[in-house]
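Colleague: Got a minute to look at something with me? I'd like to go through it piece by piece.

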2 protein chains.
Amino acid sequence: MRGRSFWYNYKIIVLSLNLAYIRIVSESIPTIKEIAKRLNVSVSTVSRALSDHPRISAKTKEAVKELAKALNYEPNSKAIFFKQKKSYVIGVIVPHIYEDFFSKGISGIEDTALENGYTILFGQSHDRIEKERQVVDAMKNQRVDGLIISLSKETNKSDHLKTLDAYNIPVVYFDRVPSLANVNKVYCNLFEGTVDMIEWLFKQDRKRIAFINGPNAIIASKERLDGYIEGISRRKLKVDMQMVEQTDFSEEGTHKAVARLLGLKKPPDAIISFNDYVHMDAVKYALKEHVKINEDILFASYANISVNKHTAYPPVVSIDQFPYSQGEAAMKMLMDILQNKSDEDTATKAFQHKEIPVALVYNS
Amino acid sequence: MRGRSFWYNYKIIVLSLNLAYIRIVSESIPTIKEIAKRLNVSVSTVSRALSDHPRISAKTKEAVKELAKALNYEPNSKAIFFKQKKSYVIGVIVPHIYEDFFSKGISGIEDTALENGYTILFGQSHDRIEKERQVVDAMKNQRVDGLIISLSKETNKSDHLKTLDAYNIPVVYFDRVPSLANVNKVYCNLFEGTVDMIEWLFKQDRKRIAFINGPNAIIASKERLDGYIEGISRRKLKVDMQMVEQTDFSEEGTHKAVARLLGLKKPPDAIISFNDYVHMDAVKYALKEHVKINEDILFASYANISVNKHTAYPPVVSIDQFPYSQGEAAMKMLMDILQNKSDEDTATKAFQHKEIPVALVYNS
DNA sequence: GGTTACAGGGCAATCGTTTGCACCGGGTTT
DNA sequence: AAACCCGGTGCAAACGATTGCCCTGTAACC
């Protein structure tokens, strides 16, 4: 016999009248129904009482709330979500969490989500489009209310995210965003930052600035490259594409890139890496070649990860992209979209873009 | 007018009879109901057809499946979860994801979860019990099927997790586990590893081995300390508690600990830190005091984080706790519990403990 | 006194899916 | 011929909560 049965409770109450005993603890998960039974009111009354509906008297409200508390009642979100077609869950997909950048971004997202009563469903694409697809599907099946995603390095078109439209799940792209205009996105403008970085390197009297870029599919690669070209051009110098390399982020890919750069007749006197992880691999290889790090060649980079403070050869300058703020901004944007979703029809839907400023950080 | 209306579709069909046109695309999310309408069968038939119920004829099954595919039908998990009281979502709570250890652990958990058709709901406690409580609550409200948690450093009793029992949500503790026997847990035995590490340090001719431990609340602190004491004792030496310090993981806390150790009349010639992050802070302070790292004092640690390979002063030895494997093991344990949940009553419930072996890793 | 007004609360439909049971027609068994 | 069986399908309840609408009793009004 389960504790939830009214008659069981009733018997107990009757049997122990003079003890004024009420069976409070229940073996099963408390529901609105049970509260209603025990209080001898209807479920609608309980529901309304709990949500402070004006039609319910203060007395009833109090009684309901009291019992709800005593029973440790918590609304079954699944039922509510089901009914309201809302889940208060946001999907978040990033390439990797082990990267300082993304873990900080997620923290920003998560903190903001929690403030707004949302929880996050989490997945990694491991930088592979196949995995990304799989995770997106899982999120769709879970009917997340919205999705924040940082695309994998393999993702150049986002068809698999189109299916989310049919399910009316808004998407906010984060950092690794598509170049399309008809999407919501939060990102850094690395163009300006890159130009500034190059300016600074010129001031350090560096003339041959090399650049190890990421895969073409990533828009951030293009931004960096554009900034690089602009930066060099501003000094009225000709851009030498020999000085531009690429890595697929693997250690080997980066090593090859560095090897070619060091092998040039006129090797670089500065190397900008796609990010601090690429930088570490680049330094590792350069050391093997007996390069004096940050003397023979100045190393610069992007991301400004925390561990730079502890590494043997941090970049002399790294562009901080403020991932936590980006995460916050992405979540806020999503909240905003979610709130105004019903207002506007999809036809008139306006897409939001938000650019987060970057900052040069120097390690002396 | 919405595409889901039967009459709307009907009209279209009638109007375009000779085109044999069937309106396939639907503006709204397809449901079983809609399939049923279009095929003129009952919802139960559709439901059974989709799940290959033996009582449904092959013909019907085929028709249903075909239309389902054409409509891009995907079952509404929320409804199913609601009905079946299963969500195929696992909650995962860790102190921080920025720590290499936890991010790898999560990867192990996530990969295993995905293989088993589960998705993970994710939260960080930021090492604060208040936040932990909040996140646990959110997970409970989401009715996760199970929870994997690595306790915050402030958590010495897990009362807030007791409420999960009432909701029949099994919990597997991960790495930062309580010392109780009546819980499911996956952890490393750091005792043996610590003893080995001390042995090794003795072989390097170190006699005064100091130890910067973590907060007492964490069982891992006790294990480390026990190992330390055992290791020292095996050499028939007296354990000098002056050589044992503590940190709350803050940079300042670690600095204070190092300061006191260096200030001893007989300062240590080796320092073991609670983990590689504490190690980095310890080194930072020691450098200020002009200690020659890994010469005057050998530094040892736990975790073997990836970035050790790139840091200026990695520990000479670090104990790898194989977080990915731990994550995998935790998820597998949870899967196992979930599958056998109905079999056994809570009374006879047996708790699972799994110990993951560690390994010493040397940085030369 | 009769009507209105309103406070307070109950009924029942609803969300999408599953599932025990009823039903129905035709063939098989005693 | 009555009783059974069985493949194939439909009916309806159930999961937990929300909500539009209806009902009842009492007080205030003309």
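Modeller: Sure, what follows is a quick chat about the DNA contacts and the two chains, and keep in mind that this is a predicted model.

Colleague: How many residues surround DNA strand D, and which are the closest?

Modeller: There are 27 around strand D, and the closest are A:Ile32, A:Ser47, A:Arg48, A:Tyr73 and B:Thr45.

Colleague: What does A:Arg48 do there, base or phosphate?

Modeller: Base: a polar side-chain atom of A:Arg48 sits 2.5 Å from a base oxygen of strand D.

Colleague: And which residues have a backbone N or O atom by a phosphate oxygen of that strand?

Modeller: A:Asn76 has one, at 3.2 Å. B:Ser42 does too, with its backbone N or O atom 3.1 Å from a phosphate oxygen.

Colleague: Which elements give two or more residues to the surface near strand D?

Modeller: In chain A they are α2 (32-39), α3 (43-50) and α5 (77-84), and in chain B they are α3 (43-50) and α5 (77-84). α5(A) gives the most, with five residues.

Colleague: How does that surface split by class?

Modeller: Eight nonpolar, 11 polar and eight charged residues. On the DNA side, 45% of the strand D atoms within 4 Å of the protein belong to sugar or phosphate, and the rest to bases.

Colleague: Switching topic: how can chain A be laid on chain B?

Modeller: A turn of 180° with a shift of 0.3 Å along the axis does it, giving an RMSD of 0.5 Å. That is the relation of a two-fold axis.

Colleague: And what about the surface through which the copies meet?

Modeller: They meet through the same surface, because 96% of the interface residues of chain A are interface residues in chain B as well.

Note on methods. Residues are numbered from 1 along each chain as its sequence is written. Chains are lettered from A and ligands numbered from 1 in the order in which they are written. This is a predicted model: local features need pLDDT of at least 70, side-chain atom pairs count only at pLDDT 80 or more; totals for chains, interfaces and linings use all residues. Side-chain values use heavy atoms; hydrogens and water are left out. A residue is near a molecule or strand if one of its heavy atoms lies within 4 Å of it. A polar contact is a pair of N or O atoms within 3.5 Å; within protein, one must be able to donate a hydrogen and the other to accept it, and residues adjacent in sequence count only if both atoms are side-chain atoms. Helices (H or I, at least four residues) and strands (E, at least two) are DSSP runs, numbered from the N terminus. Ala, Val, Leu, Ile, Met, Phe, Trp, Tyr, Cys and Pro count as nonpolar, Asp, Glu, Lys and Arg as charged, and the others, Gly among them, as polar. Copies are superposed by least squares on the C-alpha atoms of residues with pLDDT of at least 70 in both. Contact means heavy atoms within 4.5 Å.
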